[in-house]
Amino acid sequence: MKYQSSRGKFNSISAAEAIKMGISPDGGLFVPDYIPELKEKDWQLMESENYQERACRILRYYLGDFSDEEIKNCVYDAYNDESFDDERIAPLAELKPGVYIQELWHGPTSAFKDMALQLLPQLMTTSARKTGDNGEIIILVATSGDTGKAALEGFKDIAGTRIIVFYPEDGVSEVQKRQMITQEGKNVYVAAVSGNFDDAQTGVKNIFADHAFAERLNKQGMKLSSANSINWGRLLPQIVYYISAYVELRAKRKLVSGEPVNIVVPTGNFGNILAAYYASRMGLPVHKLICASNTNKVLDDFIRTGIYDRNRNFEKTISPSMDILISSNLERLLYEITGHDAARVASWMEELKTSGRYEVDAVSLTRIKDLFWSEFCTDEDTIKTISACWDKQGYLLDTHTAVAVNVYEKYLSESKDRVKTIIASTASPFKFGSSVAQAVLEPKIVSGQDEFALLDQLSAATGVKIPEGIKGLEKRPVLHNTLSTRDGMQDTVAAFLE
Ligand SMILES: *Cc1c(COP(=O)(O)O)cnc(C)c1O
């Protein structure tokens, strides 16, 4: 299988090259030239396989230039009992009959980003080796919270790499900040940036765009790279868990072979739900892909109207990992929906860049609506959903998963369909514990408590255990205390790499 740019100017490169490069030089995203279909035999065999074996089977279709041995090494280094606290890796919980929650947060940082970021470093270093690149890979990340920590855990102590993470000084939760400044590992660097997430992100983009700086690093045998969700190596691991969920339900006779399911995904950058789309194209029978937004509902509006318009206010919500107005991965869907019309995709992306808006044609919109359904959820309804789900089902949702559950309820009341449903759960409730505590604990218990005390209260009241990676975080030694100005980020990078 070969890869090409979604904007058409860069074609026929191998998977290893696509993963190593991350983004195409024409600004597009790398996409496979066809989507492989699983055979009935694959589905049958997968029923008796574990998560890792299923991952190898699926990855093999996309990584034609990797040997079976290389794929196996990558997969088992990523998903094992040291990195995940559940041997099923992405277990399913039954919320009510026919409605399943897939818990994607059993990795080291308690958010679903681990599913991809545990595997990406393996894929990246293997790709570099295969393409004859012996330099050191320097991963540069700007984070609004979850990605930074997941990338640090993924790249920690991976030979041939170093990772530098910038987070906005006042833009992440106390748990997220603590997770990052206590990060262990010989090749990890963390710095706060005075400013907001946009400042950190702009700073990182400027460093990537500085050719003289890249040249300087090159001379020292170093190359900058990104762990961003535009990299194909981050999307690919996410296709696996949707297929694995369906196989699991088949194996347990919860559904019959070929029976359609709905998949509900709390969406920000459109990466996770796009992986579900690829899974459907590989043969997972999907009735509806349900896209759940918070009040930054640029995607909900797009799926309803065909108009993508980022010219609106950015809202800070209690599901911050979905506070996004430019959903980069949507570009890959447009490429598929238009039948690989790279020129059309490129012109829409140009419009987005110049005017912040584009509108797709009627045929494309019809195709999108055939498969996707969307709605959004306010912060108030997010809290209500967490509270109701705990009261009625005894299941504790985090704020992002609650957006998905709320939107699914809206879908049910509109469609009345009885199709079995998988809801992607993207974070442990303890990762966003103060909002969750507000939803399920008495106000007098919650008021005046700091975030870490609330986690203990929440665990005591619900009997749900705090994940290892979060427990006792406030007592761990601080290992990183660099503060960078917005304009000084490049100097900070240079100093780290000295
Ligand atoms: C990143 C993230 C999301 C959004 O996922 P996308 O792939 O960007 O759509 C949702 N929930 C949590 C907890 C996340 O960390």
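The exercises below, each with a worked solution, concern a predicted model.

**Exercise 1. The nonpolar cores**

Find which residues have the most contacts inside the largest nonpolar core, and which helix gives the largest share of this core.

*Solution.* Begin with the core as a whole: the largest nonpolar core has 108 residues, and those with the most contacts inside it are Ile 239, Tyr 242, Ile 243, Leu 284, Leu 334, Tyr 358 and Phe 372. Next, turn to the helices, where α11, made up of residues 232-251, supplies 12 residues, the largest share of this core. Then take Leu 284 as an example and leave aside its neighbours within four places in sequence; its contacts include Trp 43, Tyr 242, Ile 243 and Tyr 246, and also Val 261, Ile 263 and Ala 279. Finally, another core of 39 residues lies apart from the largest one, with Met 322, Cys 389, Val 436 and Leu 455 among its members.

**Exercise 2. The surroundings of the ligand**

Work out which residues come nearest to the ligand, and how much of the ligand the protein buries.

*Solution.* First, look at the 15 residues around the ligand, of which Lys 113, Asp 146, Gly 268, Asn 269 and Thr 426 come nearest. Sorted by class, this shell holds five nonpolar, eight polar and two charged residues. Second, follow the backbone: an N or O atom of the Gly 268 backbone lies 2.7 Å from an oxygen atom of the ligand, while for Phe 270 the corresponding distance to a ligand oxygen atom is 3.2 Å, and for Asn 272 it is 2.9 Å. Third, consider the area, since the ligand taken alone exposes 390 Å², and the protein buries 96% of that.

**Exercise 3. Helix α12**

Decide whether helix α12 is mostly covered or mostly open.

*Solution.* Helix α12 spans residues 271-281, and 10 of its 11 residues are buried, so that it is mostly covered under the cut-off of less than 20% relative accessible area. Among the buried residues are Gly 271, Asn 272, Ile 273 and Tyr 278. Just after this helix, Gly 283 takes a positive phi of about 120°.

**Exercise 4. Positive phi outside glycine**

Locate Asp 157 and Lys 416 in their loops and determine whether each is buried, partly exposed or exposed.

*Solution.* As background, most residues other than glycine have a negative phi. Asp 157, however, has a positive phi of about 60°, and its place is the loop between α7 and β6. Its relative accessible area is 43%, and Asp 157 is therefore partly exposed. Lys 416 also has a positive phi, near 60°, and belongs to the loop between α18 and β14. With a relative accessible area of 63%, Lys 416 is exposed.

Conventions
Residues numbered from 1 in each chain as written. Predicted model: local features only at pLDDT ≥ 70, side-chain atom pairs only at ≥ 80, totals over all residues. Heavy atoms only, no water. Core = buried A, V, L, I, M, F, W, Y, C linked by side-chain atoms within 4.5 Å. Buried < 20%, exposed > 50% of the residue type's maximum accessible area, 1.4 Å probe, protein only. Helix = DSSP H or I, 4+ residues; strand = E, 2+ residues; numbered from the N terminus. Contact = heavy atoms within 4.5 Å. Near = heavy atom within 4 Å. Polar contact = N/O pair within 3.5 Å; in protein donor to acceptor, adjacent residues only side chain to side chain. Areas by Shrake-Rupley, 256 points an atom, 1.4 Å probe, with all protein chains shown as cover. Nonpolar A, V, L, I, M, F, W, Y, C, P; charged D, E, K, R; others polar.
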